[in-house]
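Me: Got a minute to walk me through a model? I'll throw short questions at you as we go.

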Amino acid sequence: MAVLVVHGPNLNLLGEREPEVYGRTSLADIDKELKDLGRELEMKVETFQSNSEGGIVDRIQQARGKCDVLLINPGAYTHTSVAIRDAIAAVNIPVIEVHLSNVYRREPFRHHSTIADIAHGRIMGFGAESYSLALRAARTIAEESRRRSV
């Protein structure tokens with residue numbers, strides 16, 4: 001089973017940027033924990049971060065036919081990017097939307113997600129643990145998908 005984890009803009013600054021909101025865990029630490037957990041769950045985990053909307057769209061398209069589940073924290077693009085939404089819809093890969101903070105406890109403009117209605121699920125508000133929870137859910141989604149296709 002293969003999972004692609006996409007981190008959006010400014011997530012490369014985790015651990016330094018607004019630690020009261022996003023915590024002190026770095027993106028490198030999150031990626032390492034995900035890859036370790038992936039080995040435990042017998043999943044290949046690939047991670048990708050970009051501050052560019054086009055880079056994110058390109059990487060999602062490249063995953064088509066190559067991964068079982070997509071985990072994505074679109075960062076600020078959550079609220080604005082139709083291009084990322086369209087890429088997710090086009091590749092036909094189950095997606096889990098991930099956020100470190102609970103967006104509903106934040107500014108009202110953060111309450112809208114362009115991908116929520118096409119996501120298999122959303123996990124938010126658990127800090128870095130949100131990603132681990134999403135990866136465990138991804139395992140279940142991939143297994144269910146494989147059973148349905150047999």
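Reply: Sure. One term up front: contact, or touching, means heavy atoms within 4.5 Å. This is a predicted model, where local features need pLDDT of at least 70, side-chain atom pairs count only at pLDDT 80 or more, and totals for chains, interfaces and linings use all residues. Residues are numbered from 1 along each chain as its sequence is written, and side-chain values use heavy atoms, with hydrogens and water left out.

Me: OK. Which residues does valine 69 touch, not counting residues up to four places away in sequence?
Reply: Valine 69 touches Ala2, Val3, Leu4, Ile93, Pro94, Ile96, Ala138, Ile141 and Ala142.

Me: And how many residues are in the largest nonpolar core?
Reply: That core has 24 residues, and Val3, Val69, Leu71, Ile96, Tyr131 and Leu135 have the most contacts inside it. A nonpolar core here is a set of buried Ala, Val, Leu, Ile, Met, Phe, Trp, Tyr and Cys residues joined through side-chain atoms within 4.5 Å. Buried means under 20% relative accessible area, exposed over 50%, and partly exposed in between, with a 1.4 Å probe and protein chains only.

Me: Which elements give two or more residues to this core?
Reply: Strand 1 (2-7), helix 2 (27-40), strand 3, strand 4 (95-99) and helix 5 (129-149) do. Helix 5 gives the most, with six residues. Helices (H or I, at least four residues) and strands (E, at least two) are DSSP runs, numbered from the N terminus. Apart from this core lies another, of 19 residues, among them Ala2, Val6, Leu70 and Ile84.

Me: Switching to the sheet. What's the strand order?
Reply: It's an open sheet of five strands in the order 2-1-3-4-5, with parallel pairing. Two strands pair if DSSP finds at least two bridges between them. Strand 2 and strand 5 (121-124) are the edge strands, each pairing on one side only. Neighbouring strands are turned by 20° against each other on average, direction ignored. For angles, axes are lines fitted to C-alpha atoms, for helices over the stretch in contact, and angles run from 0 to 180 degrees between N-to-C directions.

Me: What does helix 3 touch on the sheet?
Reply: Helix 3 packs on the sheet and touches strand 1, strand 2 and strand 3, with its direction at about 160° to that of strand 2. Its buried residues are Ile56, Val57, Arg59 and Ile60. Seen down the axis of helix 3, they fall within an arc of 165°, so they line one face of the helix. The arc is that of the directions from the helix axis to the C-beta atoms. Those buried residues pack against strand 1, strand 2, strand 3 and helix 4.

Me: Back to strand 1. How many of its residues are buried?
Reply: Six of the six, so strand 1 is largely enclosed by the rest of the structure. Ala2, Leu4 and Val6 point one way, while Val3, Val5 and His7 point the other. In a regular strand the side chains alternate between the two faces of the sheet.

Me: How many bridges does strand 1 make with strand 2?
Reply: Six, in the parallel sense, with strand 2 being residues 44-49. Histidine 7 stands opposite glutamine 49 there. With strand 3, strand 1 pairs over five bridges, also parallel, and valine 6 has isoleucine 72 as its bridge partner.

Me: New topic: serine 81. Buried or exposed?
Reply: Buried, with a relative accessible area of 0%. Serine 81 sits in the loop between strand 3 and helix 4 (82-91). The side chain of serine 81 makes a polar contact with the side chain of glutamate 53 at 2.4 Å. A polar contact is a pair of N or O atoms within 3.5 Å; within protein, one must be able to donate a hydrogen and the other to accept it, and residues adjacent in sequence count only if both atoms are side-chain atoms.

Me: Which end of helix 4 does serine 81 cap?
Reply: The N-terminal end: a side-chain oxygen lies 3.4 Å from the backbone nitrogen of alanine 83.

Me: And which residues are buried in helix 4?
Reply: Ile84, Ala87, Ile88 and Val91 are buried. They cover an arc of only 100° around the axis, which puts them on the same side of helix 4. Ala89 and Ala90, on the other side, are exposed.
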